[in-house]
Amino acid sequence: MNILTEKFNTPYHAAPFNAIKNEDYLPAFKELIQKSEEEIDTIINNPEEPTFENTIEALAYSGEQLDRASNVFFNLNSAETSDELQQIAQEVSPVLTEYSSKISQNEALFNKIKKVYDRKDQYDLNEEQQMLLNETYKGFVRSGALLNEEDKEKLKKISMDLSLKSLQFGQNVLASTNSYFKHITDKEELAGIPEAILEQYAEEAKERNLEGWVVTLQYPSYIPFMTYAENRELRKELALANGRKSFDGGEFDNQSLIKELLQLKQQKAELLRYKNYADYVLEERMAKSPAKVIDFLNELLTKAKPYAEKEIEELKSLAKSDGIDEMQGYDHAFYAEKLRKAKYDLNDEELKPYFPLNQVQDAVFGLADTLFGLTFEERNDIPKYHEEVKVYEVFEIGTGKPEDGSDHSEKTFKSLLYVDYFPRKGKRAGAWMTSYKSQYITAGENSRPHISIVCNFSKPTKDTPSLLTFQEVTTLFHEFGHALHGMLADTQYPTLSGTSVKWDFVELPSQFLENFCYEPEFLKTFARHYKTGEVLPDEKIEKIAQSKNFMEGYQTLRQIGFGLLDMNYHTKVEELENKTVKEFEDDYTRATQLYPANAETAMSPSFSHIFQGGYSAGYYSYKWAEVLDADAFQYFKENGIFNAEIATKYKVLLSSGGTKDPMELYKSFRGSEPKVESLLKRAFG
């Protein structure tokens, strides 16, 4: 018996991580693909006239077990990978891509879908059913259903190549990141670095059976070093190592892979009758066109650049007093921290004792309770994929009015939540939210989601709990915002549930929740010293609020640079035929660069968001969503940040998933379209 092909015999049918073996995956995928194909055959061979129920709805519910097995496997490949898992991924990815192409290009299935679509006015469909029908039809067309057989085969091969090469890109970045470490035996070389960080570096050295201290390119190690290390030469060395990730001509170099990926995407777009890949992607986004995205980013660039240049001039003045005539990119974090301390008397190491991870988690759980009536109870009997992972049951407390006879204390199960906070060699960098199981309703039963948050925070040591920088506090709130979108999902169909929304809408819930971290009223409820219990002093809280927009111009330009680079990669791929990746990157980020370029480094070869993740031709959506989140939080600010009535309306937005057009959903919540002025006011006053 293969455990992945059976109904999981666990609480809430949670993934049985403790029982899955690597050798289970390939046979399970083959068996579940066969089962899913049989479900599709049942739809196709149904002798009755195609209807919404026997075709569109049946398709929406098909392949559930395969989806779950895929979620388990690929989430583990990101959070707890191994050489063996990566090898399996190389074998599994083309098989799954072939299966997906086989369905999306199945002519008999599409003919049935088209018959229902062409008669949609004859059906009495609700709004969600209409959305499912439209999205199903469009999805098939965008997957090549209208192509001839020869072109379908071409598209299928392109999709398989894209799948494998994207996977290889991510594996190269991870391997390149892990291949470098800096071993230091002279403590004087670590001058300026706080003791808590030194302790972390010492632990890393001990794990490698080395004396002294070890710094790596993992963010919880790299960022503090660049922020506090007084040794400029070492900062330069670390920055160069970071900038050479997959850009050193070695085994894990991604430069040729970038060109191959972009060529494949362009070929896919042209095959489907689009001018370029960005046109293909943006047809299904709020922004709609590359021109609108470029205009949006350039408008922000014009507004933000003067602020950014002024910020950098302040840093240059500080650096000049240290004898540095020309500041470099590797000096930025160090002098930004100095300036932040001078302006606001704040530094991460002073603040970290007030933000132990457990308190920050309690705070975000408490906020979910205040706004949405959610409670979290840890379960120790639900399988986990690593001992550091924790699993929580999420309940919604009854909110009925006394006159309707309901019990206010009644608990309704909403979700499982997995949290995985600390870096490991098998975990990719960064932070993300993901799902092991979607929410949907079938046969009158609301099947609830299983959501996961994965981060890379500093580990606790034998003497100190995990203490978060303020940026890590906002990171946890960000990912929890995504998690709320998943946990509160309440739709009929899994393909429209939770975060299954337009990509430039998906960051609204995450970025929205970050706003609470800067509110004194909220900070006072949880920012307490882990040893003394002292509440973070008012003047520090006030300075955190004031510092919210510190280096906002610089950060805005940085994000705009990423967005412009992404959009140009996916609209001007022909230019890469006569340019190196480095030349292309320099050309399309020059307007946003505030420090001298370095010929030895490039960020594109490790730009996993667009070459491995789902942000291809979509990186702009972070800034796009900032307009939404600034406007949404302004609504709360005007009426009280814990306003129950507005929270209820916002909960409807979250629970609706992709069942409505996102702009209509937003207007239902806010009463009007979002205004870019809300973002500019928040960022620059």
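## Two loop residues with positive phi

Met551 sits in the loop that connects helix α20 (538-546) with helix α21 (552-569). This structure is a predicted model, and in it Met551 has a positive phi of about 60° although this residue is not a glycine. Met551 counts as buried because its relative accessibility is 5%, and buried here means under 20% relative accessible area.

A second residue can be described along similar lines. Ala617 is placed in the loop between α23 (608-611) and α24 (621-639), and its phi is near 55°, a positive value in a residue other than glycine. Is Ala617 buried or exposed? With a relative accessibility of 0%, Ala617 counts as buried.

## A buried glutamine in another loop

Gln328 belongs to the loop between α13 and α14 (332-344). Although the side chain of a glutamine is counted as polar, Gln328 is buried, with a relative accessible area of 18%. When residues up to four places away in sequence are not counted, Gln328 touches Arg232, Tyr595 and Pro596.

## The five-stranded sheet

Five strands form an open sheet in the order β3-β4-β5-β9-β6, and their pairing is mixed. The two edge strands are β3 (374-379) and β6 (432-437), each of which pairs on one side only. From one strand to the next, the twist averages 30°.

How do the pairings around β5 make the sheet a mixed one? On one hand, strand β4 (residues 390-397) pairs with β5 in the antiparallel sense over eight bridges, and within this pairing Ile397 stands opposite Lys411 in β5. On the other hand, strand β5 (residues 411-420) and strand β9 (residues 450-454) run parallel and are joined by five bridges. Leu416 stands opposite His450 in β9, while the bridge partner of Tyr418 in β9 is Ser452.

Strand β5 is mostly covered, since eight of its 10 residues are buried. In a regular strand the side chains alternate between the two faces of the sheet. Helix α3 (residues 64-79) lies across β5, β6 and β9, and this helix runs at about 145° to β6.

## A pair of packed helices

Helix α1 (residues 25-44) packs with helix α4 (residues 83-104) at an angle of about 10°, and the axes of the two helices are 10 Å apart. The angle therefore makes α1 roughly parallel to α4, a description used for angles under 35 degrees.

Which residues of α1 meet α4? They are Tyr25, Leu26, Phe29, Ile33, Ser36, Glu37 and Ile40, and on the α4 side they meet Leu85, Ile88, Glu91, Val92, Val95, Leu96, Tyr99, Lys102 and Ile103. The residues of this contact divide into 12 nonpolar, one polar and three charged.

## The nonpolar cores

The largest nonpolar core holds 139 residues, and among these Phe355, Phe376, Leu417, Phe480 and Leu484 touch the most other members. Helix α13 (residues 290-321) gives the most to this core, contributing 10 residues. Leu484 can be followed further: leaving aside its neighbours within four places in sequence, Leu484 is in contact with Ala368, Phe372, Leu374, Leu513 and Leu654. Another core, of 57 residues, lies apart from the largest one, and its members include Ile3, Leu125, Tyr418 and Leu496.

Tyr418 and Leu417 are therefore worth locating together in the structure, as Leu417 is listed for the largest core and Tyr418 for the other core.

## Val364 and its surroundings

Val364 is found in helix α16 (residues 357-372). Val364 counts as buried because its relative accessibility is 1%. Which residues does Val364 touch, when those up to four places away in sequence are not counted? Val364 touches Phe477, Phe480 and Leu513, and Phe480 is also one of the residues that touch the most other members of the largest nonpolar core. Leu513, for its part, is also in contact with Leu484.

Phe526 offers a further point of reference, being 162 residues away from Val364 along the chain, with the C-alpha atoms of these two residues separated by 9.4 Å.

Technical notes: Residues are numbered from 1 along each chain as its sequence is written. This is a predicted model: local features need pLDDT of at least 70, side-chain atom pairs count only at pLDDT 80 or more; totals for chains, interfaces and linings use all residues. Side-chain values use heavy atoms; hydrogens and water are left out. Two strands pair if DSSP finds at least two bridges between them. Helices (H or I, at least four residues) and strands (E, at least two) are DSSP runs, numbered from the N terminus. Axes are lines fitted to C-alpha atoms, for helices over the stretch in contact, and angles run from 0 to 180 degrees between N-to-C directions. Contact means heavy atoms within 4.5 Å. Angles under 35 degrees count as roughly parallel, over 145 as roughly antiparallel, 65 to 115 as roughly perpendicular and the rest as oblique. A nonpolar core is a set of buried Ala, Val, Leu, Ile, Met, Phe, Trp, Tyr and Cys residues joined through side-chain atoms within 4.5 Å. Buried means under 20% relative accessible area, exposed over 50%, partly exposed in between (1.4 Å probe, protein chains only).
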